[in-house]
Amino acid sequence: MGRIRIENLSRKFADFTAVDNIDLDIRDGDFLVLLGPSGCGKTTLLRMLAGLLAPTSGRILLDDDDITAAPSRRRDVAMVFQSYALYPHLSVAKNLAFPLRVKKMRKSEAAERVDAVARQLDIAHLLDRKPKELSGGQRQRVAVGRAIVRDPKAFLMDEPLSNLDAKLRTATRRELTDLHRRLRATFVYVTHDQVEAMTMATRIALLNNGALEQVGTPEDVYDRPASVFVAGFLGSPAMNLLDARVRTVDGTVVASAEGVTAPLWRGQTDGRDVVLGIRPEHLRVADPVDHPGVRLSVDVTSVENLGSEQVAYCEVGGATVCVRAPRPIALRAHRSAALTADPAHVHLFDRATGRRLE
Ligand code: ATP
């Protein structure tokens, strides 16, 4: 088992709060991705789980054990660092065997384990080499291998793919997902890369300024972002976020702004300041016979061709909106156009709190 419960966990550096009162239940077998912009506290949180940094307050439980104050070596977790942290003077075999030596495992048993893990990760032919004689991708595997040999309850990974080139990163993403499936272990994985999070996570925990914004499956956080921050962070190009105000027009409640009208089917109070969120892929060019729920009158500024699809940037009431559609997109630069969206795809947030409105 490898369930990690994080209760009211905080970490301050002098009077700066890097991790702010986080409650998070990481289930056994989860591939939980800690996602957020640079400086939001991901690494600080992971280091507290690893026992490399003491919390200022709160508790960490691994299964039923309170490990908050346990030293790193006493925790049944293994960390894979961004830098890989391999011992440069030791061969791959000795690097892999190192955690087992610390555990005082018999030499023959340790050698067997190292062989098994090396075969599993396809690095058996590299066992006699030193880290400097390996490619970045091979080093990354050795670092993962060194975590696997310990057979820990949980793997903690801090941006392990960030030193790989784009192509290798894609391949390694698939390998890690595969490995997670085979090991059936708990993974806690730090990244600021939303593609890594969306493709690998069973659940994503989104952090902002040290606090948890939302926890959910990749689909949950993408389809039902809990806040303007989450809405803007996930998705490329980003979700269009338009300031609007709730009004009643001819007996219908709408959110409106210059050039924008969206009927609201959720009970809202007149005068409330809101943010309308519409993903670029959910905006389409309005057909003249459309009776669109959502209406945007825009001026097209530019159209980019991405090969299989096109992205158009438009102006509406001083804001920029982005439209993404398969080629050919029926929008021309320097023309005006009418856009629409299915109201089911419109997200509504309170402007004062930034939280989603239902
Ligand atoms: P990145 O993606 O850039 O690695 P992160 O989300 O992992 O960022 P952390 O490394 O957890 O962010 O840092 C969170 C905040 O805490 C940052 O503002 C950072 O400057 C601060 N911080 C981290 N470690 C220390 C420290 N030892 N002393 C003072 N401030 C620190």
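I count a residue as being around the ligand when its C-beta atom, placed from the backbone, lies within 6 Å of it.

**Entry: the ligand**

I kept in mind that this is a predicted model. Which residues are around the ligand? I found Phe13, Ala18, Gly36, Ser38, Gly39, Cys40, Gly41, Lys42, Thr43, Thr44 and His192. I then sorted this shell by class and got three nonpolar, seven polar and one charged residues. Next I asked which element gives the shell its largest share. That is helix α1, residues 42–50, with three residues.

**Entry: helix α1**

I stayed with α1 and looked up its burial. Is this helix mostly covered or mostly uncovered? It is mostly covered, as seven of its nine residues are buried. I wrote down the buried ones: Lys42, Thr43, Thr44, Leu45, Leu46, Met48 and Leu49. I was pleased to meet Lys42, Thr43 and Thr44 again, since they also belong to the residues around the ligand. Just past the end of α1, I noted that Gly51 has a positive phi of about 85 degrees.

**Entry: the nonpolar core**

I turned to the largest nonpolar core and found 92 residues in it. Which of them have the most contacts inside the core? They are Val33, Val188 and Leu276. I also saw that domain 1 (4–233) and domain 2 (255–350) each supply at least three residues to this core. A general point helped me here: in soluble globular proteins, nonpolar side chains tend to be buried together.

I picked Val188 for a closer look and set aside its neighbours within four places in sequence. Val188 is then in contact with Ile26, Leu32, Leu34, Leu46, Leu49, Ala154 and Leu156. Two of these names, Leu46 and Leu49, were already in my list of buried α1 residues.

**Entry: the two domains**

The domain assignment gives domain 1 (4–233) and domain 2 (255–350). How many residues does each domain bring to the contact between them? I found four from domain 1 and four from domain 2. On the domain 1 side, the touching residues are three nonpolar, one polar and no charged. The centres of the two domains, taken over C-alpha atoms, are 39 Å apart.

**Entry: the whole protein**

Last, I stepped back to the full chain. I found eight helices and 20 strands. Of the 358 residues, 37% count as buried. Along the principal axes, the C-alpha atoms fill a box of roughly 80 × 45 × 35 Å. I also checked contacts between residues at least 6 apart in sequence, and 63% of these join residues at least 24 apart.

How values were computed:
Residues are numbered from 1 along each chain as its sequence is written. This is a predicted model: local features need pLDDT of at least 70, side-chain atom pairs count only at pLDDT 80 or more; totals for chains, interfaces and linings use all residues. A nonpolar core is a set of buried Ala, Val, Leu, Ile, Met, Phe, Trp, Tyr and Cys residues joined through C-beta atoms within 7 Å. A residue is buried if 20 or more other C-beta atoms lie within 10 Å of its own, exposed if 12 or fewer, and partly exposed in between; C-beta atoms are placed from the backbone. Domain bounds come from an automatic or database domain assignment. Two residues are in contact if their C-beta atoms, placed from the backbone, lie within 7 Å. Helices (H or I, at least four residues) and strands (E, at least two) are DSSP runs, numbered from the N terminus. Ala, Val, Leu, Ile, Met, Phe, Trp, Tyr, Cys and Pro count as nonpolar, Asp, Glu, Lys and Arg as charged, and the others, Gly among them, as polar.
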